[in-house]
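Got your viewer open? Follow along from one selection to the next, and keep the stick display handy.

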Amino acid sequence: MAGPVGEVDNLKVDAPPGEEADDGEEDAEEGADTASSLQGRSQKQQRQEETQEEQEEEEDKTASAASQAPAPSPTGEAKGDVEGVDGEEGDPDAAADAGETGAGAAKKRKKKKKKKGSAGVSTCPGGTGSKVAPARGVTGFTDSYVRHGQTEPPTIPVEDLFEEGSFPEGEILEHPRDFNSFRITSEEKRAEERLQYAGLYDKARKAAEVHRQVRRHAQSYIKPGIKLIDMCTTLEEKNRELVRENGLDAGIAFPTGCSLNHVAAHYTPNNGDDTVLKHGDVMKVDFGTQVEGHIIDCAWTVSFDPQFDPLLEAAREATNAGIRNAGIDVPLNEVGAAIQEVMESYEVEINGTTYPVKSMRNLTGHNIGPYDIHAGKSVPIVKGGDSTRMEEGEFFAIETFGSTGRGHVVEDLECSHYMKDINAPRVPLRLPKARQLLSHISKTFGTLAFCRRWLERPDGGSATINGVSGKQEKYVGALKQLCDSGLVNALPPLCDVRGSYVAQYEHTILMRPTCVEVLSRGDDF
Ligand code: HZT
Ligand code: MN
Ligand code: MN
């Protein structure tokens, strides 16, 4: 599909002084189109009999714990009667469109013209009115966590704010489509939930509450002039604190994406990157939390210049359309069509030129499994995808990307994100450095994504696991080896054309037997 991006060596970095490139091989990677490479990764459903674990056990006995999926432990009922996060929706459009298909809604919607120079940030009609929203592109109030007993700034681990079994429920939606109307009342389905899923829901809700509090705090300090590396470090430290990081049992789920402008996803600064956030930037803040492998993947877009407001609104409403249309037995391609209808009903004027907002054709949402950020299904954001259906019990990241560019991404720029391949074939590793690095990755991150900054921390990415002696030194060659051997996947930044702007919003939702729960919904977006 897309032209090769192979001229770009995504793994190449300036090796730190003293590090030898221990591999002379050219890594002229075939420039796989991003869509097909993502698809390829998702075909890892066919589990291989022989895994890498046996091999790693020789290296490190603790290594394999990482890839064990936890069994949902049925604790008490998830009551979730704490003051909900729903009911504070700040968007009249979203309410007006509720229940319509994306197509129906979009037909009636006039093309959005530039919203010019609206004075400040919006307020949230459902809130207390005590404080204004902290940023463009979000609504809500800064007291959204203080009401749960949290300090300002937040310092109390979220698990200390709630009784077990009572983390706040996300937004509850009825499954769409006539064939699902029995679910909300079905006594059988309700019993099924109580028995099978209560403990699992509570863990995912805890991860979601951590996400809401960490992001609300972030929305207060993300300002033009901040160094992106400082923003990421601050956000990640708060994430570790509020989730009460504990090895692989609770923590960060993946690196903090802060992709700018034409970069849609998978950019986080490597050490030495001094990029500063500018007033004219459009930044996607995409971070994850996990509790016993239950991952919340949720993102929003930051901008300061009001001319981008329609672009942000397009992506926010397209994501909401995807969420409204998602449900058990709904074909994924129909969700994609609904998303595209809403996204492409917008246009945006930037510096005097009007652009249609395009739904990015080779980016998708995805289902999420335990410790597995992409568990095999993709949720398209354009029409024409396959008709695989959503199923009961599945978690989905519903994410949409609107672009003023081509609406198509390619891999480009220096790579920061990496992830062990959950179905990695058994590959003999001769070189001690590569074996040691793989062992470190397995015990520290398991199959969760990680970034170079974390390898270079004194704790190598986890104080619980490595204390202060986890720092990886001169690891770049070894990391390249692991990528070349297929054990670790490099996930380079995904970019539209230079000069374009991309906005993204993302929520994690759960296909409960009785309803759809938008786990990560907050009063901000
Ligand atoms: C990969 C690495 C991460 C999953 C989507 C995504 C950010 O593009 C099937 C569909 C975090 C997430 C992911 F560090 N990706 N969501 N949020 N990126 S993906 C994908 O690789 S796989 C989409
Ligand atoms: Mn994400
Ligand atoms: Mn995602």
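Start with ligand 1 and D297: one of the ligand's nitrogen atoms sits 3.1 Å from an N or O atom in the D297 side chain. Keep in mind as you click around that this is a predicted model.

Leave ligand 1 selected and turn on a surface. The protein covers 97% of the 480 Å² of accessible area that ligand 1 has on its own. The space that ligand 1 takes is the largest cavity.

Next, add H266 and D286. In H266, a polar side-chain atom lies 2.7 Å from a nitrogen atom of ligand 1. For D286, the distance from an N or O atom of the side chain to a nitrogen atom of the ligand is 2.9 Å. Now widen the selection to the whole shell: 17 residues surround ligand 1, and H266, D286, D297, T364 and E399 come nearest.

Which elements supply at least two residues of that shell each? Colour helix 1 (34–42), strand 2 (250–260) and strand 9 (364–368), and you have them. Strand 9 gives the most, with three residues.

Time for the metals. Select the manganese ion (ligand 2) and show its protein donors: D286 appears twice, through OD atoms, alongside D297 (OD) and E506 (OE). These donors lie 2.0 to 2.3 Å from the ion. Along the sequence, the donor residues follow the spacing D-x10-D-x208-E. The site ties together distant parts of the chain, with D297 in strand 5 (residues 294–303) and E506 in strand 17 (residues 502–511), 209 residues apart.

Step across to the manganese ion (ligand 3). What bridges it to ligand 2? D297 does, and the two manganese ions lie 3.4 Å apart. The protein donors of ligand 3 are D297 (OD), H366 (NE2), E399 (OE) and E506 (OE), at 2.1 to 2.2 Å. Their sequence spacing reads D-x68-H-x32-E-x106-E. Here, too, distant stretches meet: E399 is in strand 11 (residues 395–403) and E506 in strand 17, 107 residues apart.

One last stop: select D297, E399 and E506 together and colour by accessibility. Are they buried or exposed? D297 and E506 are both buried. E506 counts as buried because its relative accessibility is 0%. E399 has a relative accessible area of 7%, so it is buried as well, the cut-off being under 20%.

Notes:
Residues are numbered from 1 along each chain as its sequence is written. Chains are lettered from A and ligands numbered from 1 in the order in which they are written. This is a predicted model: local features need pLDDT of at least 70, side-chain atom pairs count only at pLDDT 80 or more; totals for chains, interfaces and linings use all residues. Side-chain values use heavy atoms; hydrogens and water are left out. Donors are N, O and S atoms within 2.8 Å of the metal (3.2 Å for Na, K and Ca); water is not among the atoms, so sites may look incomplete. Helices (H or I, at least four residues) and strands (E, at least two) are DSSP runs, numbered from the N terminus. Buried means under 20% relative accessible area, exposed over 50%, partly exposed in between (1.4 Å probe, protein chains only). A residue is near a molecule or strand if one of its heavy atoms lies within 4 Å of it. A polar contact is a pair of N or O atoms within 3.5 Å; within protein, one must be able to donate a hydrogen and the other to accept it, and residues adjacent in sequence count only if both atoms are side-chain atoms. Accessible areas come from the Shrake-Rupley method with a 1.4 Å probe; for residues, only the protein chains shown count as cover. On a 1 Å grid over the protein atoms alone, a cavity is a set of points where a 1.4 Å probe fits but cannot get out, and a pocket is an open set with protein on both sides within 12 Å along at least five of seven lines; lining residues have an atom within 4 Å of a point. A molecule sits in a cavity or pocket if more than half of its atoms lie within 2 Å of its grid points.
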